[in-house]
Amino acid sequence: RDLLPDREQSDLGSRRLSSADLSTSSSNNKANNMPGSILSYDHDFEDSIVYASVLSNYITPPRPSLNTLYAMCESRDHLEHNAQTFLQFIREIGLDFVPSVNDLVDPHPLSTLLFSLFLFLTMPQHTPRSTLKFTTPLHKQVTKVIQLSNPNPTANLTYSVNLAGSDFFQIPQDNSVVIAPKSSVDFPVFFHAPFDVPAE
């Protein structure tokens, strides 16, 4: 199988969209990570590589599942494999708008443009704004908090929290947090190290 090489996959996570022009952003991701550039909003998106490249710019750590994408799709089976892998990826990160496999494999230019715009507007919210560093002796649990705020003066805001990475980290079982207007809540993250190895 002609899979996306590890080197190219790791490179995906090191870039950020910098242009306000959606077409240019998509073309840059395609050109930087894969052969060719974006010339149309149908054929050039059918392999799901552009979408995966864009999302990989924002999601850390890189997801191993994206290493199974076919870099060069030679059959419909390859296209469907890439689409299913990409859809699993966006479900894992909790995106609200999930197209179907057929929408990705047989894209309509308008649908592609709308989904690209959705990603362009949504993904910057997935960029980490800060880093929590946990240092602790073995077998001792440490708790740090993330302050979540609701700047809205009239409506409640609901956060849905997902944890990806090492099993050494834990969050409360109720991963939904409702914050009253103009207030903040401290959300705990727990770390327990059973082994002397780095964890992310």
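Start with Lys 144: in this predicted model, its charged end sits over the ring of Phe 134, 5.6 Å from the ring's centre.

Now for rings that meet other rings. Searching the whole structure turns up 12 aromatic pairs. Take Tyr 51 and Phe 86: their ring centres are 5.5 Å apart and their planes meet at 25°, so this pair is stacked. Tyr 51 belongs to helix 3 (residues 49-56) and Phe 86 to helix 4 (residues 76-92), so the pair ties together parts that are 35 residues apart in sequence.

Tyr 51 has another partner too, Phe 115, and that pair is edge-to-face, with 4.9 Å from centre to centre and 70° between the planes. Here helix 3, with Tyr 51, meets helix 6 (residues 109-122), with Phe 115, so the parts tied together are 64 residues apart in sequence.

Here are the two pairs of Tyr 51 laid out together:

| Pair | Centre to centre | Angle between planes | Arrangement |
|---|---|---|---|
| Tyr 51 and Phe 86 | 5.5 Å | 25° | stacked |
| Tyr 51 and Phe 115 | 4.9 Å | 70° | edge-to-face |

Are these rings buried or exposed? Tyr 51 has a relative accessibility of 4%, so it counts as buried. Phe 86 is buried as well, with a relative accessible area of 0%. Phe 115 is also buried, just like Tyr 51.

And which residues do ring pairs link into a cluster? The members are Tyr 41, Phe 45, Tyr 51, Phe 86, Phe 97, Phe 115 and Phe 118. So the three rings we followed, Tyr 51, Phe 86 and Phe 115, are among the members of that cluster.

Definitions and conventions. Residues numbered from 1 in each chain as written. Predicted model: local features only at pLDDT ≥ 70, side-chain atom pairs only at ≥ 80, totals over all residues. Heavy atoms only, no water. Phe/Tyr/Trp six-rings, centres within 6.5 Å; stacked < 30°, edge-to-face > 60°. Helix = DSSP H or I, 4+ residues; strand = E, 2+ residues; numbered from the N terminus. Buried < 20%, exposed > 50% of the residue type's maximum accessible area, 1.4 Å probe, protein only. Lys NZ or Arg CZ within 6 Å of the ring centre and 35° of its normal.
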